[in-house]
Amino acid sequence: MIAAIAAIGRNWQLGLHGRLPWPQDSADMDWFIQHTKERVLLCGPKTFESIAHLDGSHDRMVINIATDDRWMGLDDAMIVGGASTYRHFAPHIEQLYLSQIDYDGPADCLFPVEAFRPDQLRNVIWRK
Ligand SMILES: NC(=O)c1ccc[n+]([C@@H]2O[C@H](COP(=O)([O-])OP(=O)(O)OC[C@H]3O[C@@H](n4cnc5c(N)ncnc54)[C@H](OP(=O)(O)O)[C@@H]3O)[C@@H](O)[C@H]2O)c1
């Protein structure tokens with residue numbers, strides 16, 4: 001299954017200055033770790049810089065889609081961002097995992113909610 005996981009602020013904020021906009025949130029990090037174990041994680045080149053260290057831990061494989069074509073043809077993978085990578089894969093994403101962060105501040109990139117169909121958005125698995 002092609003899935004995607006993202007943490008979003010109250011207004012779909014996703015990133016700021018190449019990082020997450022909010023201070024580290026351990027409940028969100030635990031949720032991300034839980035849902036990415038034993039998965040192939042696909043990310044864009046900017047996001048790769050911050051998650052490359054997860055490659056090999058808990059049987060994860062982290063693939064930078066801009067420099068490594070091993071993701072092509074995969075039918076089981078987890079898209080982990082950033083904004084342009086979620087947008088790129090949106091039509092193919094069968095399950096969205098979203099973590100709502102209690103954050104109202106600035107961002108320089110947003111989750112591309114407009115790229116998703118209503119049926120995809122109805123079936124989101126939210127972090128509780
Ligand atoms: N909140 C979250 O859950 C979460 C998760 C991941 C990342 N983030 C945040 O998102 C921000 C980064 O997002 P982003 O969209 O700038 O970064 P990204 O998706 O990691 O990388 C995209 C950049 O790489 C380029 N690129 C080159 N080849 C590409 C390809 N084959 N596919 C896609 N992109 C390619 C894109 O160019 P074009 O623009 O020309 O396509 C764009 O400049 C950071 O602040 C990061 O912390 C947040």
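**The ligand shell and the nonpolar core**

Helix H3 (83–89) provides the largest share of the shell around the ligand, four residues. The model is a predicted one, in which local features need pLDDT of at least 70, side-chain atom pairs count only at pLDDT 80 or more, and totals for chains, interfaces and linings use all residues. Residues are numbered from 1 along each chain as its sequence is written.

In total, 22 residues surround the ligand, a residue being near a molecule if its C-beta atom, placed from the backbone, lies within 6 Å of it. Gly15, Gly44, Thr47, Gly81 and Gly82 are the closest. At least two shell residues each come from strand E1 (2–8), strand E2 (13–15), helix H2 (45–51) and H3; helices (H or I, at least four residues) and strands (E, at least two) are DSSP runs, numbered from the N terminus. By character, the shell comprises 11 nonpolar, nine polar and two charged residues.

Turning to the interior, the largest nonpolar core holds 20 residues. Such a core is a set of buried Ala, Val, Leu, Ile, Met, Phe, Trp, Tyr and Cys residues joined through C-beta atoms within 7 Å. Among the residues with the most contacts inside this core are Ala4, Leu41 and Met78. E1, E3 (40–43), E4 (61–64), E5 (77–79) and H3 each contribute at least two core residues.

Phe32 sits in helix H1 (residues 26–36). This residue is buried because 20 other C-beta atoms lie within 10 Å, the cut-off for burial being 20 or more. The C-alpha atoms of Phe32 and Tyr97 are 9.2 Å apart, although 65 residues separate the two along the chain.

Note on methods
Nonpolar A, V, L, I, M, F, W, Y, C, P; charged D, E, K, R; others polar. Buried ≥ 20, exposed ≤ 12 C-beta atoms within 10 Å, placed from the backbone.
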